[in-house]
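Student: Please take a close look at the aromatic residues in this model. I would like the geometry together with the cut-offs behind each term.

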Amino acid sequence: MPDPGRQKAAVTVTEPDTKRIVIDAAVACILERGFYRASSNEIARRAGVTWGVIQHHYGTRERLMLAILEDGGRRHTETFANASITGKTVEERLDQLLDVFAAHYGQPEYLAYMQIALNMDHDPMTSSTVRATMDGVAERSSEFVVALIRDTLGNAVDVPDLPVTIFLALRGFLVSEQLLATMAHDVQAFEPSRLRRERQMLIRLLAPAIRNSARLRD
């Protein structure tokens, strides 16, 4: 007779655990195979569940994709809401802002979020309810980004188009580095030390432009 004291405790998988497993499996599948080839059956296989289990939680593949965007939006909000910009110089503040951006836009998951958002936005079959939810996720995510960029730019924040330009420059840099790391046929192989050098070069290019904009504003 087995010794009860030596038996392993049974592992109970809760509903939140299952949802987390499914979302993570779907993201991994999109990153490896692309949005359209991340089929319902392939996602279920990777998650170790049946498609019926996924239907129970989300109903349709579209709703699963929307849940991934919502999960990404929640992570985005948590990352930016808990961040602060405290540097005394423009260079220090840009470096801090780039750190915060990298925690979200510089992660592989963001490429999956981009694929989902682009494909669902351009798909005429995407329901109006889903589009409204996508808009809400984007709007909630932007609030804390705006605040951090304001703290970074200081007196230059009121210069027309400058905050948006800084946002696009930093996000674009990080997304481009992600693409460089994942596309084998790209010009250069990904190299962490080169990324650090390019990051510092970007800051050196942007900081004088911010200072000049602030002086012109004054």
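Tutor: What follows goes through the aromatic pairs around one residue.

The model is predicted, so local features need pLDDT of at least 70 and side-chain atom pairs count only at pLDDT 80 or more, while totals for chains, interfaces and linings use all residues. Residues are numbered from 1 along each chain as its sequence is written, and side-chain values use heavy atoms, with hydrogens and water left out.

Rings of Phe, Tyr and Trp (its six-membered ring) pair if their centres lie within 6.5 Å; planes under 30 degrees apart count as stacked, over 60 as edge-to-face and the rest as tilted. This rule gives seven aromatic pairs. In one of them, the ring centres of Y105 and Y110 are 4.9 Å apart and the planes stand at 85°, so this pair is edge-to-face. Y105 is buried at 5% relative accessibility, where buried means under 20% relative accessible area, exposed over 50% and partly exposed in between (1.4 Å probe, protein chains only). Y110 is buried too, at 12%.

Y105 also pairs edge-to-face with F167, at 5.9 Å centre to centre and 80° between the planes. Because Y105 lies in the loop between α5 (90-102) and α6 (108-122) and F167 in helix α8 (residues 162-182), this pair ties together parts 62 residues apart in sequence. Helices here are DSSP runs (H or I, at least four residues), numbered from the N terminus. F167 is buried, with 18% relative accessible area. F80, F101, Y105, Y110 and F167 form one aromatic cluster.

Note on methods:
Helices (H or I, at least four residues) and strands (E, at least two) are DSSP runs, numbered from the N terminus.
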